[in-house]
Amino acid sequence: MDSFRPRKFLGGRHVQTIYNAFFPPQNNLRSKYLCEDIYLPLGDGDVLVLEHNPPLEWTGKFNKPFNGYYILLIHGMEGSSESHYMISTAKNALERGYGVVRMNMRNCGKGFGFSKKPYSAGHTSDVESVLRFMKNNFSQNLVVSGFSLSANLILKYFGETRDHIARYFSAVSPPLDLKKTCEFIDSPSGKFYRKYFLDTLHEKVRSGIFGLEREFAERASKCKTFFDFDDFVTAPLCGYKGVLDYYAKCSSINFIPKIRHKGIVIHAEDDPVVPSKVWHEVAWHRIQNIQTVFTKKGGHVGFLAEESSQVPEGRWLSGILLDFFDTQINERLA
């Protein structure tokens, strides 16, 4: 696929990032394709809600043969299985012969109210649980794609010492260093995005789903920075000693050198949410199994290009991810 070139009049970092919120791709994953909700219990009593689109061949309505692979898609902060990049990638994957599972992280989207804990950048056990379910029920051949916060989650997962179930991965716009990303979005330049995300996080706290004591919940719902919110809510509820312990143990920059699986990592230099300077702190050239794509434009999980036969709906991201997976699958079969 050609290198990324932003769509005419949509070259700005904020426009690339925000445009999809106002003009998302059409979500016909239920009207056009077969789709089912799956409620997956976790070991701690929480439940994840997944949306499953089986391969087109299995539905009997389409002639596209199943390529033998399932793709797990995981959204970013305060996103869901309905996020624009989840929809566009899922549709593209189905048309290429994949089966698709879109995961709602804890208390996100359709999963709201099914968990007592919040999601975090370090819940790799959740990824493991979903992949194991997919392996036992759908296919032995799995790939996984994470976006934004879950991109960090995926890099951490593949850098951990474990029996990895998925064969290949992709990570888009990952916050490689959580502390530096927090400082970046808590700075004056990140005010718009900080308020956007904190407003929805505050609503969750006020809803009572986390079971916080009233005084503590009121304090948490008034946090003005990500650092404070993670210190008051995310870190303690997810079992960390404090926010700095959470950031240190979950930042993917500490796990990337240990990754042995093949994957692709994509980031835009003009990302207004994740600091691009951290990208250059990683010795990517020493990690031969990871393909990197560092573009000048694209914003945060934006990458809107002109529409073409190679770029359905002008959404460049899904194409380059699936091209990577297709290449790995074909090389393995050769």
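Is Glu313 buried, partly exposed or exposed, and what is its relative accessibility? Select Glu313 to begin: at 31% relative accessibility, Glu313 counts as partly exposed, where buried means under 20% relative accessible area, exposed means over 50%, and partly exposed lies in between, with a 1.4 Å probe and protein chains only.

Before going on, please note that this is a predicted model, in which local features need pLDDT of at least 70 and side-chain atom pairs count only at pLDDT 80 or more, while totals for chains, interfaces and linings use all residues. Residues are numbered from 1 along each chain as its sequence is written, and side-chain values use heavy atoms, with hydrogens and water left out.

**The whole chain**

Display the full chain, whose secondary structure comes to eleven helices and eight strands; helices (H or I, at least four residues) and strands (E, at least two) are DSSP runs, numbered from the N terminus. The C-alpha trace spans about 60 × 40 × 40 Å along its principal axes. With 334 residues, a compact globule would have a radius of gyration near 20 Å, and the 19 Å of this chain agrees with that; the radius is taken over C-alpha atoms, and the globule rule is 2.2 Å times the number of residues to the power 0.38. Of the 334 residues, 60% count as buried. If contact means heavy atoms within 4.5 Å, then residues 24 or more positions apart account for 73% of the contacts with a separation of 6 or more. Colour the surface next: the accessible surface comes to about 14700 Å², of which 51% belongs to carbon and sulfur atoms, with areas from the Shrake-Rupley method and a 1.4 Å probe, and, for residues, only the protein chains shown counting as cover.

**Salt bridges**

Return to Glu313 and add Arg315, which forms a salt bridge with Glu313, the closest N and O atoms being 4.0 Å apart; a salt bridge is a side-chain nitrogen of Lys or Arg within 4 Å of a carboxyl oxygen of Asp or Glu. Arg315 is buried, with a relative accessible area of 9%. By this rule the count comes to 26 salt bridges.

Select Asp44 and Lys117 next, whose side chains meet in a salt bridge at 3.5 Å, N to O. Asp44 lies in the loop between β1 (36–41) and β2 (47–53) and Lys117 in the loop between β4 (99–104) and α4 (124–137), so the pair ties together parts that are 73 residues apart in sequence. Asp44 is partly exposed at 37% relative accessibility, and Lys117 is partly exposed at 28%.

Move on to Glu51 and Arg102, whose side chains meet in a salt bridge at 3.2 Å, N to O. This pair links distant parts of the chain, with Glu51 in strand β2 and Arg102 in strand β4, 51 residues apart, and both residues are buried. To see the surroundings of the pair, select Arg30, Asp37, Glu51, Glu82, Arg102 and Lys110 together, which are linked in a network of salt bridges.

**Asp177**

Centre on Asp177, in the loop between β6 (168–172) and α6 (178–185). Asp177 is buried yet has no salt bridge, and the nearest side chain of opposite charge, Lys180, is 4.4 Å away; in this reckoning Lys and Arg count as positive and Asp and Glu as negative, whereas His and the chain ends are not counted. The backbone nitrogen of Lys180, however, lies 3.0 Å from a polar atom of the Asp177 side chain. Leaving aside neighbours within four places in sequence, Asp177 is in contact with Ser251 and Val278.

**Helix α5 and two positive phi values**

Select helix α5 (residues 149–159), where eleven of eleven residues are buried, including Lys156, Tyr157 and Phe158. Step back to Ser148, in the loop between β5 (141–147) and α5, which counts as buried at 12% relative accessibility. Most residues other than glycine have a negative phi. Phi of Ser148, by contrast, is a positive value near 60°. Phe303 also has a positive phi, near 55°; Phe303 lies in the loop between β8 (290–295) and α11 (316–333) and is buried, with a relative accessible area of 0%.

**Last stop: Phe227**

Finish at Phe227 in helix α9 (residues 226–237), which is partly exposed, with a relative accessible area of 29%. Not counting residues up to four places away in sequence, Phe227 touches Cys182, Asp186, Val243, Leu244 and Tyr247. Add Lys179 to the selection: Phe227 and Lys179 are 48 residues apart in sequence and 8.3 Å apart in space, C-alpha to C-alpha.

Terms used: Polar contact = N/O pair within 3.5 Å; in protein donor to acceptor, adjacent residues only side chain to side chain.
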